[in-house]
Amino acid sequence: MNDSYDDIIHLPRPVSRTHPPMSRHDRAAQFSPFAALTGYGDAVRETQRQTSPRQELDEYEKEELDWKLAVLMENLSGQPQVLVTYFVPDERKSGGRYVTRTCVIQKVLSFERVLITGDGSSIPIDDITALDCDLF
């Protein structure tokens, strides 16, 4: 070791009498990276997020779905549990995703073309692609 520092090498760290010690969090914040492009990371993640295109049903599939809805409407008093697959449009970009969930159907609002589930949520009939139930 260099002999020129022998007089101070073993001294305790100096402590200021006027300034309180900085917390580790504040000290680390001094050296954190600066985000020059605010929001750029969010934009990249949004672009990477995948959506599915909406699939159109053919006439046979539409007829089958209409028949299943009619059977469902006749048996609403039994509160049937139905496995519903429907399209949920994405709020930010074109496309969306398909959701499959099991729910109890309480009402079918034909005029509004909406299914009302047991938990109070609604499913647009035009977005439904498949229905599966013990009734059919």
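What follows is a walk through the fold, the shape and a handful of individual residues of this predicted model.

Starting with the overall layout, the chain holds three helices and five strands. In sequence order the pattern reads α-α-α-β-β-β-β-β. The radius of gyration is 31 Å, well over the 14 Å that the globule rule gives for 136 residues, so the chain is more spread out than a compact globule. The box that holds the C-alpha atoms tells its own story, at roughly 95 × 30 × 30 Å along the principal axes.

Burial and contacts come next. Of the 136 residues in the chain, 21% are buried. Among contacts with a separation of 6 or more, 50% join residues that sit 24 or more positions apart. The accessible surface adds up to about 11,100 Å², and carbon and sulfur atoms own 53% of that area. As for charge, there are 15 positive and 22 negative side chains. The centres of these two sets are 10 Å apart.

Moving to single residues, arginine 27 belongs to helix H1, which spans residues 24-30. This arginine is partly exposed, because its relative accessibility is 45% and the partly exposed class lies between 20% and 50%. Measuring C-alpha to C-alpha, arginine 27 and serine 16 are 16 Å apart in space, with their positions 11 residues apart in sequence.

On to the strands. Threonine 85 is part of strand S1, residues 81-89. Its relative accessibility is 18%, so threonine 85 falls on the buried side of the 20% cut-off. Which residues touch threonine 85, leaving aside its neighbours within four places in sequence? One run of partners consists of Tyr98, Val99 and Thr100; the other partners are Asp127, Ile128, Thr129 and Ala130. Strand S2 covers residues 96-109 and strand S5 covers 128-132, which helps to place those partners along the chain.

One of those partners, aspartate 127, is worth a look of its own. Aspartate 127 sits in the loop between strand S4 (122-124) and strand S5 (128-132). Despite carrying a side chain of the kind counted as negative, aspartate 127 is buried, with a relative accessible area of 12%. Beyond four places in sequence, its contacts take in Thr85, Tyr86, Phe87 and Pro89, along with Arg54. The Thr85 contact is thus listed from both ends.

Valine 104 is found in strand S2 (residues 96-109). Where threonine 85 is buried, valine 104 is partly exposed, with a relative accessible area of 24%. Setting aside neighbours within four places in sequence, valine 104 is in contact with Gln79, Pro80 and Gln81 on one stretch, and with Ile116, Thr117 and Gly118 on another. Valine 104 and leucine 83 are 21 residues apart along the chain, and their C-alpha atoms are separated by 8.9 Å.

Glutamine 79, one of the contacts of valine 104, has a backbone quirk: its phi is near 45 degrees, a positive value in a residue other than glycine. This glutamine lies in the loop between helix H3 (59-74) and S1, and is partly exposed at 45% relative accessibility. Arginine 113 shows a positive phi too, about 55 degrees, although it is not a glycine. The loop between S2 and strand S3 (114-117) is home to arginine 113. With a relative accessible area of 36%, arginine 113 counts as partly exposed.

Finally, the cysteines. How many disulfides does the chain have? The count comes to zero. Cysteine 103 finds its closest cysteine sulfur in cysteine 133, but the gap is 10 Å, too far for a bond, because a disulfide requires the sulfur atoms to be within 2.5 Å. Cysteine 133 is accordingly in no disulfide. Are these two cysteines buried or exposed? Cysteine 103 is buried, with a relative accessible area of 6%, and cysteine 133 counts as buried at 9% relative accessibility.

How values were computed
Residues are numbered from 1 along each chain as its sequence is written. This is a predicted model: local features need pLDDT of at least 70, side-chain atom pairs count only at pLDDT 80 or more; totals for chains, interfaces and linings use all residues. Side-chain values use heavy atoms; hydrogens and water are left out. Helices (H or I, at least four residues) and strands (E, at least two) are DSSP runs, numbered from the N terminus. Buried means under 20% relative accessible area, exposed over 50%, partly exposed in between (1.4 Å probe, protein chains only). Contact means heavy atoms within 4.5 Å. The radius of gyration is taken over C-alpha atoms; the globule rule is 2.2 Å times the number of residues to the power 0.38. Accessible areas come from the Shrake-Rupley method with a 1.4 Å probe; for residues, only the protein chains shown count as cover. The place of a charge is taken as NZ of Lys, CZ of Arg, CG of Asp or CD of Glu.
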